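Work through the exercises below with the model in view, and try each task before reading its solution.

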Amino acid sequence: MFRDFLTPKTQIDHTMLGGPFLMLTIYHLIRTPTPCIELVKGIMSRRKAFTNEYPKLNSGTSETPFIVWEPMEHCCRPSELPSVFEAMAFVDVFSPNDRELSTLFEEEDQGGGTMAQQDLQQYCKTLLAQGFGLKPSAVVIRRGEDRCFVASHTRNVGLPAYHTPLQNVKQGDRAAWKNKVADPTGGGNAFLGGYCIGLLIDEWRDIGPDLTRFAGGALIGSIAASFAIEQSGMPKVTYHEEKELWNGERSLDRLNVMRERVEKLNMPKVSGDLSDEFAPWEVSEGSATNNTTSQCLVYRQSTIKDARTRVS
């Protein structure tokens, strides 16, 4: 689809980040694999130099920032899988949309149909095992109105989009969830921006003890995306009684709506610790892989660690 940008696109790199931006807790990167690695290395190297020069500013700051990586569409093809795996060692969350996930594992675009759940889960298991290894991490698949899918080492879960009514609820409830989508442009970027915020806050925690931080962040991401797609351009921000309103609503009010929807999902209970520590996935070369990609599906060492710790 052709997009007419109103301003020149600016490619930001680590040399453009000033001191406060070097010490952020979390980053959202949109890159192909090799530039993603170089950007992370650059950020880590400059953070180290900055803290050496100003040690007092490092008080209470995480040594390693949390990084959410959104791949660029043209790098999502089977020949790029090894590079994708390498880049995943430098990040914490890998988030393609469903079409990008499909073309990453398939030689040809299989059309605009819905991806089979079996394939979706198999692709995510492969990415977790071979890209993230032992590192606590998640693969977050953005699927537009078809929910987002969050896979971590402890569990996977599909969470609803804010403006899409669930199929398994009463008609009266569905009528109350009218679709207000005017322009989906920018919804994916807004989702990941909100996702980053969701990783840092705890407002979603009372929704249920079965949600990990990786999944809870997706609820905030869905709310952020809901405001972005209700109009062409930016949502309208106003203030009422010292409360910030987006398109006339408080974001936390929409979180309450998401809470009701998640409760209706009847999410299965899981046992054990949900702190996103490593638990092995069984990854097989089943129907979800073809001859081309199967050559890439040789297990990497099970001790894959955070590559950022090796950046000098």
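**Exercise 1.** In this predicted model, work out which residues of strand 4 lie on each of its sides, and decide whether those sides are covered or open.

*Solution.* Begin with the general rule that side chains in a regular strand alternate between the two faces of the sheet. In strand 4, Ala138, Val140 and Arg142 fall on one side, while Val139 and Ile141 fall on the other. Residues on both sides are buried, and both faces of the strand are therefore covered, given that buried means under 20% relative accessible area. The count agrees with this picture, since 5 of the 5 residues in strand 4, which spans residues 138-142, are buried.

**Exercise 2.** Find the strands that pair with strand 4, and state the sense of each pairing.

*Solution.* Take strand 3 (residues 93-94) to begin with: it pairs with strand 4 in the parallel sense over 2 bridges, and Val93 stands opposite Ala138. Turn then to strand 5 (residues 148-152), which runs antiparallel to strand 4 and is joined to it by 5 bridges; here Arg142 stands opposite Cys148. Strand 4 and strand 5 form a hairpin with 5 residues between the strands, and Gly144 takes a positive phi near 60° there.

**Exercise 3.** Describe the hairpin of strand 7 and strand 8, including the residue in its turn that has a positive phi.

*Solution.* Strand 7 covers residues 237-240 and strand 8 covers residues 243-246, and the two pair in the antiparallel sense over 4 bridges. One bridge can be located by its residues, as Val237 has Trp246 in strand 8 for its partner. Between the strands are 2 residues, and Glu241 in the turn has a positive phi of about 50°.

**Exercise 4.** Classify the aromatic pair of Trp69 and Phe94 from its geometry, and then do likewise for Phe191 and Tyr195.

*Solution.* A search of the whole structure finds 5 aromatic pairs, and the two treated here are among them. The ring centres of Trp69 and Phe94 are 4.9 Å apart and their planes stand at 45°, so this pair is tilted. The pair links distant parts of the chain, with Trp69 in strand 2 (residues 66-71) and Phe94 in strand 3, 25 residues apart. Trp69 counts as buried because its relative accessibility is 0%, and Phe94 is likewise buried with a relative accessible area of 0%.

For Phe191 and Tyr195, the centre-to-centre distance is 6.1 Å and the angle between the planes is 25°, and this pair is stacked. Both residues lie in helix 7, 4 residues apart, about one turn of the helix. Phe191 is buried at 6%, and Tyr195 is buried at 0%.

**Exercise 5.** Check whether the length of helix 8 agrees with the span expected for its residues, and explain why helix 8 is described as largely enclosed.

*Solution.* Helix 8 holds 16 residues (213-228), which at 1.5 Å a residue should span 22 Å; the end C-alpha atoms are 23 Å apart, which agrees. Of these 16 residues, 14 are buried, so the helix is largely enclosed by the rest of the structure.

**Exercise 6.** Place Cys196 in the fold, and name the residues it touches beyond four places away in sequence.

*Solution.* Cys196 is in helix 7 (residues 187-200), and it counts as buried because its relative accessibility is 7%. Leaving aside residues up to four places away in sequence, Cys196 touches Ile26, Tyr27, His28 and Val68.

Key
Residues numbered from 1 in each chain as written. Predicted model: local features only at pLDDT ≥ 70, side-chain atom pairs only at ≥ 80, totals over all residues. Heavy atoms only, no water. Pairing = 2+ DSSP bridges. Buried < 20%, exposed > 50% of the residue type's maximum accessible area, 1.4 Å probe, protein only. Contact = heavy atoms within 4.5 Å. Expected span 1.5 Å × (residues − 1). Phe/Tyr/Trp six-rings, centres within 6.5 Å; stacked < 30°, edge-to-face > 60°.
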